[in-house]
Amino acid sequence: MSTILVLVRHDGGTVQKSSLELLTLARRLGDPAAVVHGDVSDALVDALGRHGATTVYAVTPLTPPAYPPVAEALAVAELAARTAPAAVLITSGPLGTEVAARVAVRLDAGIVTDAVQVRAEAGGPVVTQSVFAGTWLVEGRVRRGTPIITVRPNAVTPEPVATPVRPVVERVDLEDPASPAVPRVVARRPKATTGRPELTEATVVVAGGRGVGSAEGFRLIERLADVLGGAVGASRAATDLTWCPHELQIGQTGKTVAPQLYVAGGISGAIQHRAGMQGSRTIVAINKDPKAPIFQIADFGVVGDLHVVLPALIGEIENRRG
Amino acid sequence: MKIAVLIKYVPEATAAWRFAEDHTLDRDSVDGRLSELDEYAVEQAVRLVEAGSATEISYLTMGPARAVDAVRKALAMGGDRAVHVLDDALHGSDAVGTASVLAAALRRMEFDLVIFGMASTDAEMSVLPVMVADLLRLPAVANAVTLRVDGSALTAERETDDAIEEVVAPLPALVSVTDRSGEARYPSFKGIVAAKKKPVTTWSLSDLEIAPERVGTAGAATEVLAVRPSPPREAGTVIVDEGDAAVRLAEFLAANKLL
Ligand SMILES: Cc1cc2nc3c(=O)[nH]c(=O)nc-3n(C[C@H](O)[C@H](O)[C@H](O)COP(=O)(O)OP(=O)(O)OC[C@H]3O[C@@H](n4cnc5c(N)ncnc54)[C@H](O)[C@@H]3O)c2cc1C
């Protein structure tokens with residue numbers, strides 16, 4: 001069976017959920033081989049084996065450390081040249097896109113980004129993309145070089161294999177080909193963590209827009225998210241007003257989410273916002289304007305003031321749970 | 001310090017977009033404009049000139065004849081001249097093909113800094129800045145929120161999910177800027193008049209010494225097999241809150257096993 005190279009991200013001990021999704025997808029296309037940077041612990045190898053990776057390429061970080069996307073691209077391009085895989089799978093997002101773009105150029109290979117589905121076909125993997133703010137579906141294929149595919153988080157449900165495999169771990173030492181001038185990260189200010197689930201991975205997302213009215217009002221969105229065990233999201237208007245951090249922005253220039261439940265409070269549903277959330281399974285909207293476009297895609301809409309409806313909803317959910 | 005800004009002519013976001021028979025975006029049936037995300041790149045370049053950090057701005061675009069509208073808009077915001085790569089054989093180019101054309105054009109231009117928008121508002125792939133940087137072997141900073149140059153280096157700030165990073169790259173360098181880098185200005189009347197007199201040079205594939213079969217639909221490394229509209233979402237229930245909305249919403253969530 002042909003190899004499917006999967007770029008895996010991890011935090012030392014745990015493999016990112018989106019990487020497990022890629023491995024699950026890779027099994028349907030061929031024989032998954034994981035490309036991993038940094039320390040490869042036994043626990044990590046086990047987790048990869050449970051999700052079907054038969055090979056783990058453990059890439060030794062370059063010294064001095066290279067700019068991360070450049071280093072990852074170097075590893076993936078080199079391994080792709082070496083193993084002639086049937087496809088390379090990378091998670092969509094700013095970092096993944098940068099890696100994939102560089103690999104495609106270096107291999108002079110076709111790239112398809114932000115796949116919502118990938119299926120095996122005789123002529124190579126067929127990739128489905130959701131385009132034009134989610135209004136059209138496009139099926140395409142790479143016809144030159146190794147298919148480089150970035151996959152939207154949450155597009156696949158991660159599943160372990162019935163019988164875990166024991167992956168072969170192979171060390172990979174790369175030579176930095178006297179790479180040209182690269183950027184250097186000179187300062188890094190970490191952001192506060194919230195303890196809430198990661199936005200693109202969450203099964204419930206509660207998002208607030210300009211209609212929440214203030215930073216104070218935005219706390220209501222957070223409270224509902226916490227009651228539902230979900231992530232907090234926002235429209236660009238809400239992040240621009242600094243009612244919440246920018247990384248919570250959903251839409252064309254923010255994140256794309258596809259949770260089981262999406263609750264939009266005080267969001268009008270502009271096309272650029274819908275682009276990032278209309279793949280959600282169930283959409284609930286609370287908006288005081290009955291003509292708000294968000295109601296056109298909502299499964300359940302409430303025309304009303306969110307400052308009244310949300311506290312009542314939180315109370316009602318708490319009551320039902322006793 | 002010379003800046004090259006990459007710009008794209010795209011269909012208006014609010015228009016009803018369609019596919020043409022050959023599965024490319026039907027650009028003839030809808031109004032087009034300078035991509036809103038490229039306006040942020042133009043804005044940053046104009047600000048660098050205003051701040052005295054840069055002296056000249058050249059624009060580069062690849063697109064159909066009508067793309068010159070986008071070029072004029074950018075020139076009305078500021079800048080000096082533009083290059084328009086125009087060739088029928090480019091129709092249907094994929095990302096790798098487009099990157100090779102833009103890189104070939106940039107090799108014939110003078111610049112210390114190349115600025116891109118973070119993505120196009122039509123294809124939305126976000127891959128071109130980095131592809132062009134890789135081809136030209138330039139250091140690249142993707143998705144910058146702020147930038148400044150001091151003659152020999154570019155300093156940019158960018159936001160990742162868990163941190164704000166300050167990144168330094170020696171010039172010549174390439175950067176893409178996000179829609180958080182600063183509101184783009186509206187062209188002034190004076191700017192619009194001045195833009196009409198600024199030179200726009202047209203280059204064909206032969207000017208760039210690129211074989212037509214390497215680009216366009218013929219040279220694309222990807223192919224589209226089928227397109228179809230997304231299944232419309234089923235019309236849902238909309239209720240007007242009469243004091244019972246929270247209870248009814250909770251019932252809906254419970255009935256759908258979402259509580
Ligand atoms: C190139 C480009 C990229 C963009 N990218 C994004 C993106 O990634 N994400 C994004 O979200 N936007 C994006 N936008 C902006 C987008 O066009 C909209 O401006 C934005 O989504 C509007 O946010 P909003 O719905 O919160 O605000 P508004 O459109 O102002 O809507 C506020 C809503 O709140 C309702 N409301 C007010 N008070 C209450 C109340 N008390 N109770 C209930 N409802 C109330 C109002 O009826 C209204 O419908 C982009 C725009 C451009 C041009």
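Twelve salt bridges are found across the interface of chain A and chain B in this predicted model. One pairing to look at is that of A:Arg188 with B:Asp162, a salt bridge whose closest N and O atoms lie 3.3 Å apart. Polar contacts also span the interface of the two chains, with 43 residue pairs counted, both partners being at pLDDT 80 or more. On the side of chain A that touches chain B, helix H4 (residues 94-107) of chain A gives the most, with eight residues. Sorted by class, the residues on that side of chain A comprise 43 nonpolar, 20 polar and 22 charged.

The extent of this interface can be put in numbers too. In contact with one another are 85 residues of chain A and 79 residues of chain B. The size of an interface is often given as the accessible area lost when the parts come together. For chain A and chain B, the buried area comes to about 7,100 Å², and carbon and sulfur atoms account for 57% of it. Three residues deserve a mention here: A:Phe132, A:Arg143 and A:Phe300 supply 10% of the area that chain A buries against chain B, more than any other three residues.

Counted over all chains, the salt bridges number 42. Among them is a pair within chain A, formed by A:Arg119 and A:Glu139, with the closest N and O atoms 3.2 Å apart. A:Arg119 belongs to strand E5 (residues 111-119) of chain A and A:Glu139 to strand E7 (residues 136-142) of chain A, so this salt bridge ties together parts that are 20 residues apart in sequence.

Turning to the open spaces, the second largest pocket holds about 880 Å³. Its lining is made up of 39 residues, of which A:Arg210, A:Arg236, A:Ala237, A:Ala270 and A:Gln272 are the closest to the centre of the pocket. Elements from both chains take part in this lining: helix H6 (236-240), helix H7 (271-274), strand E14 (282-287) and helix H8 (306-320) of chain A, along with helix H1 (36-50) of chain B, each supply at least two residues. The element that gives the most is H1(B), with four residues. In terms of class, the lining of the second largest pocket consists of twelve nonpolar, 15 polar and twelve charged residues.

As for enclosed space, the model has one cavity of 30 Å³ or more. The largest cavity contains about 50 Å³ of space. Its walls are formed by B:Tyr9, B:Val10, B:Pro11, B:Arg27, B:Val30, B:Asp31, B:Gly32 and B:Arg66. Strand E2 (residues 9-11) of chain B contributes the largest share of this lining, three residues. Four nonpolar, one polar and three charged residues make up the lining of the largest cavity by class.

Finally, two details of the backbone of chain B are worth a look. The peptide bond from B:Leu171 to B:Pro172 is cis, with omega near 0 degrees. B:Pro172 sits in the loop that runs between strand E9 (163-170) and strand E10 (173-177) of chain B. Elsewhere in chain B, B:Glu124 has a positive phi, near 60 degrees, although this residue is not a glycine. The loop between strand E6 (113-117) and helix H4 (128-136) of chain B is where B:Glu124 is found.

Methods:
Residues numbered from 1 in each chain as written. Chains lettered and ligands numbered in written order. Predicted model: local features only at pLDDT ≥ 70, side-chain atom pairs only at ≥ 80, totals over all residues. Heavy atoms only, no water. 1 Å grid on protein atoms, 1.4 Å probe; cavity = no way out; pocket = protein on both sides within 12 Å on 5 of 7 lines; lining within 4 Å. Points joined across faces, edges and corners; volume = space filled by probe spheres on them. Nonpolar A, V, L, I, M, F, W, Y, C, P; charged D, E, K, R; others polar. Contact = heavy atoms within 4.5 Å. Buried area = accessible area lost by both parts, 1.4 Å probe. Salt bridge = Lys/Arg side-chain N within 4 Å of Asp/Glu carboxyl O. Polar contact = N/O pair within 3.5 Å; in protein donor to acceptor, adjacent residues only side chain to side chain.
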